[in-house]
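Welcome! Please work through the exercises below with the sequence and the 3D view open beside you.

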Amino acid sequence: MSGYSILNYLNLISLSLVVIFGGVCFKKSNLPTKVFTVTFFIVYIVQVVSFSLARFSISNLLLFHVYFAAQLIGYGLFYWLILPSSPSKKGFLAFLVICLGLIVWEYSSKWDNLAQVFGGYSYFVMNLVFVFTSIFYLVHGVLKEKEIAHKLLNYGMIVYAGGSSIVFLLGDKLNQLDWRPLLLINLLLFLVFQGFYFAQLWRVRSS
């Protein structure tokens, strides 16, 4: 069994445990954390189904688009809820509209070959929007000397979305490259992301 396969199994095990813990802490969580938890659960289901299909040598690339949509809607709503002011919400919405425009263009141009599309510029732009929004949220909290309620989730988003966006920017070119090291890096980043999410839930449980 390769190192990538072992790490993939460990990722699914740790992700399962984190999702269960998210369910345990759900009632005590505030609304933004609940939205994040629901989104994380959908991502988990997609990953489990995708892994199962891969085990039977069935193409699972179409599931990436479900994964993409879940993140765009779920994490987009999360940021909308935690942003501190109306101007920042409007700015975030403007960036999302630009991202949606790129998504429409990219999907319409590749619609006939959608099953083979993996990542691309729209996913890269979406991740950049989330990374810069996380940085803004954290910096605003520090400058205003306010308690940053969701800082761990934002730390995790900066690490994971920032790193994985480079992997998915390669998109369709993964088939032409030695892609396992890239996906290995993406798995490691996602494990770090899970760690920050777990730490946030632990704070909720201990409150």
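**Exercise 1. Find out whether Y79 and F92 are buried or exposed, then describe how their rings meet.**

Step 1. Both Y79 and F92 are buried, a word that stands for under 20% relative accessible area, with exposed meaning over 50% and partly exposed in between (1.4 Å probe, protein chains only).

Before going on, note that this is a predicted model, where local features need pLDDT of at least 70, side-chain atom pairs count only at pLDDT 80 or more, and totals for chains, interfaces and linings use all residues. Residues are numbered from 1 along each chain as its sequence is written, and side-chain values use heavy atoms, leaving out hydrogens and water.

Step 2. The structure holds 24 aromatic pairs. Rings of Phe, Tyr and Trp (its six-membered ring) pair if their centres lie within 6.5 Å; planes under 30 degrees apart are stacked, over 60 edge-to-face, and the rest tilted. Y79 and F92 make a tilted pair, with 5.9 Å from centre to centre and 50° between the planes.

Step 3. Y79 belongs to helix α3 (residues 63-82) and F92 to helix α4 (residues 86-109), so their pair ties together parts 13 residues apart in sequence. Helices here are DSSP runs (H or I, at least four residues), numbered from the N terminus.

Step 4. Now widen the view: ring pairs link Y79 and F92 into a cluster that also includes F36, F40 and Y197.

**Exercise 2. Which residues does F68 touch, not counting residues up to four places away in sequence?**

Step 1. Locate F68 in helix α3. F68 is buried, with a relative accessible area of 3%.

Step 2. List the contacts, meaning heavy atoms within 4.5 Å. F68 touches I103, Y107, S122, Y123 and M126.

Step 3. Pick out Y123: its C-alpha atom and that of F68 are separated by 7.2 Å, although the two residues are 55 apart along the chain.

**Exercise 3. Which residues line the largest cavity?**

Step 1. A cavity is a set of points, on a 1 Å grid over the protein atoms alone, where a 1.4 Å probe fits but cannot get out; lining residues have an atom within 4 Å of a point.

Step 2. The lining is made of Q71, Y75, Y123, M126, N127, F130, M157, Y160 and A161. The elements giving two or more residues to this lining are α3, α5 and α6 (151-169).

Step 3. The largest share, 4 residues, comes from α5.

Terms used. On a 1 Å grid over the protein atoms alone, a cavity is a set of points where a 1.4 Å probe fits but cannot get out, and a pocket is an open set with protein on both sides within 12 Å along at least five of seven lines; lining residues have an atom within 4 Å of a point.
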